[in-house]
Amino acid sequence: VGFVTSNLPAPARNKFFSKVLNKGDVFVFPVGLIHFQFNPNPHQPAVAIAALSSQNPGAITIANAVFGSDPPISDDVLAKAFQVEKNTIDWLQAQFWENNHN
């Protein structure tokens with residue numbers, strides 16, 4: 001699982017936080033932030049329970065958060081999420097190279 005912070009002032013802008021969860025673990029996504037869940041093993045089903053606390057998530061610049069996060073979000077996760085080849089993801093992330101390598 002993971003999420004990316006919003007358009008906060010630097011150095012917290014578009015920071016990527018992630019964690020590998022095990023059975024019984026809990027992870028909280030802050031309200032309104034870009035987030036994902038990914039099961040790397042298709043042979044072992046995973047169960048997620050979600051509760052939402054707001055209908056107003058605010059505004060996030062998705063391209064900056066997803067392709068310009070620090071550290072970068074895994075190519076595997078982004079390729080699967082956007083249903084594109086990994087080289088497309090690499091190209092998109094390269095457009096934000098300066099933001100990722102200050």
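A polar contact, as I use the term here, is a pair of N or O atoms within 3.5 Å; within protein, one must be able to donate a hydrogen and the other to accept it. I keep that in mind for the entry on Ser69. The model I am reading is predicted.

**Entry 1: the layout**

I started with the whole chain. I found four helices and three strands. Reading along the sequence, I noted the pattern β-β-β-α-α-α-α. The chain has 102 residues, and 23% of them count as buried. I also looked up contacts between residues at least 6 apart in sequence. Of these, 52% join residues at least 24 apart.

**Entry 2: the sheet**

In what order do the strands of the sheet lie? I read 2-1-3, in an open sheet of three strands with antiparallel pairing. Strand 2 and strand 3 are the edge strands, since each pairs on one side only. From one strand to the next, the twist averages 15 degrees.

I then checked one pairing in detail. Strand 1 and strand 2 run antiparallel and share three bridges. Across this pairing, Val4 stands opposite Phe16 of strand 2. A general reminder for myself: strands of a sheet pair through backbone hydrogen bonds.

**Entry 3: His35**

I turned to strand 3, residues 34-36, where His35 sits. The UniProt record, an unreviewed entry, places the feature "binding site" at His35. The annotation may be inferred rather than shown by experiment. Buried, exposed or in between? I found His35 partly exposed, at a relative accessible area of 43%.

Next I listed its contacts, leaving aside neighbours within four places in sequence. His35 touches Gly2, Phe3 and Phe29. A polar atom of the His35 side chain also lies 2.9 Å from the backbone oxygen of Leu33.

**Entry 4: salt bridges**

How many salt bridges does a search of the whole structure find? I counted two. In general, side chains of opposite charge can pair when their charged atoms come close.

One of them joins the side chains of Lys15 and Asp70, at 2.8 Å from N to O. Why does this pair tie together parts far along the chain? Lys15 lies in the loop between strand 1 (2-4) and strand 2 (16-18), while Asp70 lies in the loop between helix 1 (62-67) and helix 2 (75-82), so the pair ties together parts 55 residues apart in sequence. I checked how open the two ends are. Lys15 is partly exposed at 25%, and Asp70 is partly exposed at 26%.

The other salt bridge joins the side chains of Asp76 and Lys86, at 2.3 Å from N to O. Asp76 is in helix 2 and Lys86 in helix 3 (residues 86-94), ten residues apart. Both ends are again partly exposed: Asp76 has 38% relative accessibility, and Lys86 has a relative accessible area of 42%.

**Entry 5: the loop between helix 1 and helix 2**

I stayed with the loop that holds Asp70. Ser69 lies in this loop, between helix 1 and helix 2. Is Ser69 buried or exposed? I read 0% relative accessibility, so Ser69 counts as buried, the cut-off being under 20%.

Here the opening definition comes into use. The Ser69 side chain reaches the backbone oxygen of Pro71 at 3.0 Å. A polar atom of the same side chain lies 3.3 Å from the backbone nitrogen of Ile73.

Pro71 belongs to the loop between helix 1 and helix 2 as well. I looked at the peptide bond that joins Asp70 and Pro71. The bond is cis, with omega about 0 degrees. Asp70 thus appears twice in my notes: in this cis bond and in the salt bridge with Lys15.

**Entry 6: positive phi**

Last, I looked up backbone angles. Which residues have a positive phi although they are not glycines? I noted Asn14, at about 55 degrees, and Gln83, also at about 55 degrees.

Where do they lie? Asn14 is in the loop between strand 1 and strand 2. Gln83 is in the loop between helix 2 and helix 3. Their surroundings contrast: Asn14 is buried, with a relative accessible area of 7%, whereas Gln83 is exposed, at 73%.

Methods:
Residues numbered from 1 in each chain as written. Predicted model: local features only at pLDDT ≥ 70, side-chain atom pairs only at ≥ 80, totals over all residues. Heavy atoms only, no water. Salt bridge = Lys/Arg side-chain N within 4 Å of Asp/Glu carboxyl O. Helix = DSSP H or I, 4+ residues; strand = E, 2+ residues; numbered from the N terminus. Buried < 20%, exposed > 50% of the residue type's maximum accessible area, 1.4 Å probe, protein only. Contact = heavy atoms within 4.5 Å. Pairing = 2+ DSSP bridges. Axes fitted to C-alpha atoms, helices over the stretch in contact; angles between N-to-C directions.
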